[in-house]
Amino acid sequence: MEVVIVPDARSGGELVAEAMARLLRRKPDALLGVATGSTPLPVYEALAARVRAGAVDVSRARIAQLDEYVGLPAEHPESYRSVLRREVLEPLGIGMEAFLGPDGTAEYVQGACEAYDAALAAAGGVDLQLLGIGTDGHIGFNEPCSSLASRTRIKTLTEQTRVDNARFFDGDVEAVPHHVITQGIGTILEARHVVLLATGEGKAEAVAATVEGPLASVCPASALQMHPHATVVVDEAAASKLKLADYFRHTYVNKPEWQGI
């Protein structure tokens with residue numbers, strides 16, 4: 001696992017966007033796995049700026065969704081499909097025909113989960129999966145004690161997660177669905193490159209547990225220790241509890257530039 005410590009959120013966004021741009025130059029039809037939330041927004045903004053400047057062509061790029069609320073209509077403004085359309089697809093000029101996501105309104109939810117795993121495999125797999133991390137170490141909606149071998153499935157949200165997400169529903173926690181479809185940890189680990197981005201002091205303990213703690217389902221993100229190409233990009237605040245922070249800085253500064261992340 002490579003850990004890259006950057007000065008701030010904007011720097012992290014630029015670094016990850018450039019990694020995506022390099023991938024797309026090498027593989028124009030790459031499948032990019034994207035996450036929602038405020039943390040990845042600097043990535044999408046930086047990548048969109050590169051597209052506008054003509055520095056990268058996304059005309060053949062494809063986008064894959066990480067998770068979705070169960071029972072929320074696709075056209076609802078806070079469905080993750082709608083959020084990604086606003087924050088990723090439209091700014092990049094990518095149409096919905098290049099988008100892969102689970103059906104959160106399916107009558108048979110487990111069937112929709114299995115169908116999404118199959119769709120990802122049929123698409124050739126995710127080339128780069130961008131992740132955020134919860135303060136409890138969750139990735140996607142794989143809450144603590146999720147199986148580290150789990151596949152895309154339905155999960156019940158913790159009350160804290162619903163409270164945290166109420167801000168997107170005008171502060172009304174009762175409007176936040178109780179269930180989601182999420183890529184499982186096993187599904188996430190099948191991506192060729194996994195990039196976890198974390199910013200802010202509130203994520204520092206989760207980052208330390210992910211990188212330096214034991215491999216344990218109580219911190220789902222620690223499963224990234226098993227991935228052959230996992231990159232953790234953190235700002236100084238999120239890196240504040242890393243014991244090996246100086247080592248991580250040293251190794252990044254001294255690696256060959258052509259390697260990227």
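This report describes a sheet, three helices that pack with it or with one another, and one buried residue in a predicted model.

Residues are numbered from 1 along each chain as its sequence is written, and side-chain values use heavy atoms, with hydrogens and water left out. Because the model is predicted, local features need pLDDT of at least 70 and side-chain atom pairs count only at pLDDT 80 or more, whereas totals for chains, interfaces and linings use all residues.

**The sheet**

Helices (H or I, at least four residues) and strands (E, at least two) are DSSP runs, numbered from the N terminus. Seven strands form an open sheet with parallel pairing, in the order β1-β10-β9-β6-β2-β3-β5, where two strands pair if DSSP finds at least two bridges between them. The edges are taken by β1 (2-6) and β5 (99-100), each of which has a single partner strand, so one side of each is left without a neighbour in the sheet. Within the sheet, β2 (residues 31-34) runs parallel to β3 (residues 62-65) and is joined to β3 by four bridges, with L31 standing opposite R62 in β3. Helix α3 (residues 80-92) lies across β2, β3 and β5 and runs at about 145° to β3.

**Helix packing**

Axes are lines fitted to C-alpha atoms, for helices over the stretch in contact, and angles run from 0 to 180 degrees between N-to-C directions. Contact means heavy atoms within 4.5 Å.

| Helix pair | Angle | Axis distance |
|---|---|---|
| α1 (residues 9-26) and α2 (residues 41-52) | roughly 55° | within 7 Å |
| α2 and α3 | about 10° | 9 Å |

Angles under 35 degrees count as roughly parallel, over 145 as roughly antiparallel, 65 to 115 as roughly perpendicular and the rest as oblique. The axes of α1 and α2 cross at roughly 55°, and these two helices are therefore oblique to each other. Their contact is made by A9, G13, E14, V16, A17, E18, M20 and A21 of α1 together with P42, V43, A46, L47 and R50 of α2.

For α2 and α3, the angle of about 10° makes the two helices roughly parallel. Here the contact involves L41, Y44, L47, A48 and V51 of α2 and E87, V88, P91 and L92 of α3.

**A buried threonine**

T182 is found in strand β8 (residues 179-182). With a relative accessible area of 0%, T182 is buried (under 20%, against over 50% for exposed and partly exposed in between, with a 1.4 Å probe and protein chains only). Leaving aside neighbours within four places in sequence, T182 is in contact with L66, D67, G140, F141, N142, R151, T152, R153 and K155.
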